[in-house]
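Colleague: Before we discuss this model, could you show it to me, so that I can ask what lies behind the terms you use for it?

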Amino acid sequence: MRQIRFEQISKSFDGEEVISGLNLEIPAGKFFALLGPSGCGKTTLLRLVAGLENVDSGKIYLGDRNITKQPIYERQINTVFQQYALFPHLSVFENIAYPLRIKRTKDKIIREKVYDVLKMIRLLGFEKKNIKSLSGGQKQRVALARALISEPEVLLLDEPLAALDPKLKEQVLIELIELQDKLKTTFIYVTHDQFEALTVADQMAIMNNDGHIEQIGTPKQIYEFPASCFVAKFVGNTNIIEGKLLEISDLFKIKVEGLGKFEVFAPAKKNWMIAGCNLFLSIRPEKIFISKKEIEGFSNHMKGRVDNIIYYGRSTQYNVILKNGKKLMVFEQNEEHFPQEIIDYDDEVNLYFQKENVVLLQG
Ligand SMILES: Nc1ncnc2c1ncn2[C@@H]1O[C@H](COP(=O)(O)OP(=O)(O)O)[C@@H](O)[C@H]1O
Ligand SMILES: [Mg+2]
């Protein structure tokens, strides 16, 4: 198993730089997700790995091997695209067998391998079916089977579930995780959907609109400790509040105009964190506790008025207008059988959050 390494990759189309000087390491045998907004260059990056596109400069390595100039068929890298790209006139069996037919593999071996992958993707019994008669989810599985039959070292998945409805998407995501776990093939999963990326990834990278990697980490690291306002806002929901750093000791003391002072525990002090600097506080909506009552035991407190309430079933979203006129979003889990407190529109509320639940971001 070998890792993929991008070294100073640049790629332009019509004089427009899509990817510039990108460095990235993708670990071997893991489920890696590349998350970024539409048009940021994700597909381009995958096409460069697959050999469907050439870099302008830079190198791509698979382990120690420089594959930058290697032809597609020598790379042991296969792709599953959003548009399934199946052959509509061929059966499920022949679609899956296709890569082996090209290699002139013996019929007996083709049969064995096709049945193996059919079993793996739970489509045994579908082999004689016409592609047109399959549902979207089934077509996607056939595309997956066709990509896996030649046992690639790396499987590239480019927004493979974009066409599926949310319930089915969830199910296929879980199947993909199980499949990767079994095969230990390196999966690179590209998506603009943060839910998909957080669900599947062992490790993920966030790409911004300029085609730069903003952050790499586990889903938990990315969600809990976003490294920039872009990441904080792009992955999950958050409240960004502008403030000024007053004092650094064990705790950071921050002043927010119109709201007062807050205490923040930051696990690592960054170079830019200098007393007097402007910064942003990122507070996830679920880390804020809302109540009409005065409650002890929280590090930080604000007051506001409920502007809007959205009921989601298992949770409720409160939009609150703070004393400084800014809006804040709060999520509460609806876990109580008998809610002790009813919060309504226009209620004056207290908002509490702990010093550990704030991420400080560069202003
Ligand atoms: N073959 C191409 N010719 C010209 N422009 C392209 C080509 N492929 C991609 N682009 C442009 O490069 C940018 C990134 O595209 P893409 O990699 O498809 O983004 P993503 O997959 O993140 O949505 C877009 O502005 C797109 O229009
Ligand atoms: Mg794309």
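**Contacts, core and domains**

Modeller: This is a predicted model, and I would begin with Tyr 189, which, leaving aside residues up to four places away in sequence, touches Phe 31, Phe 32, Ala 33, Leu 157 and Val 200.

Colleague: What makes Tyr 189 a notable member of the largest nonpolar core?

Modeller: The largest nonpolar core has 83 residues, and Tyr 189 is listed with Phe 32, Ala 33, Ala 145 and Ile 188 as those with the most contacts inside it. Helix 4 (residues 136-148) supplies the largest share of this core, six residues.

Colleague: How do you know where this core lies relative to domain 1 and domain 2?

Modeller: Because domain 1 (4-233) and domain 2 (237-362) both give residues to this core, it lies between them.

Colleague: How many residues of each domain are in contact with the other?

Modeller: Six residues of domain 1 are in contact with six residues of domain 2, and on the domain 1 side they divide into four nonpolar, one polar and one charged. The C-alpha centres of domain 1 and domain 2 lie 38 Å apart.

Colleague: Why is Ser 38 called exposed?

Modeller: Ser 38 has 9 other C-beta atoms within 10 Å, and since a residue counts as exposed at 12 or fewer, Ser 38 is therefore exposed. Its place is in the loop between strand 3 (31-35) and helix 1 (42-50).

Colleague: What separates the C-alpha atoms of Ser 38 and Gly 125?

Modeller: Ser 38 and Gly 125 are 87 residues apart along the chain, and their C-alpha atoms are separated by 37 Å.

How values were computed:
Residues numbered from 1 in each chain as written. Chains lettered and ligands numbered in written order. Predicted model: local features only at pLDDT ≥ 70, side-chain atom pairs only at ≥ 80, totals over all residues. Domains from an automatic or database assignment. Contact = placed C-beta atoms within 7 Å. Nonpolar A, V, L, I, M, F, W, Y, C, P; charged D, E, K, R; others polar. Core = buried A, V, L, I, M, F, W, Y, C linked by C-beta atoms within 7 Å. Buried ≥ 20, exposed ≤ 12 C-beta atoms within 10 Å, placed from the backbone. Helix = DSSP H or I, 4+ residues; strand = E, 2+ residues; numbered from the N terminus.
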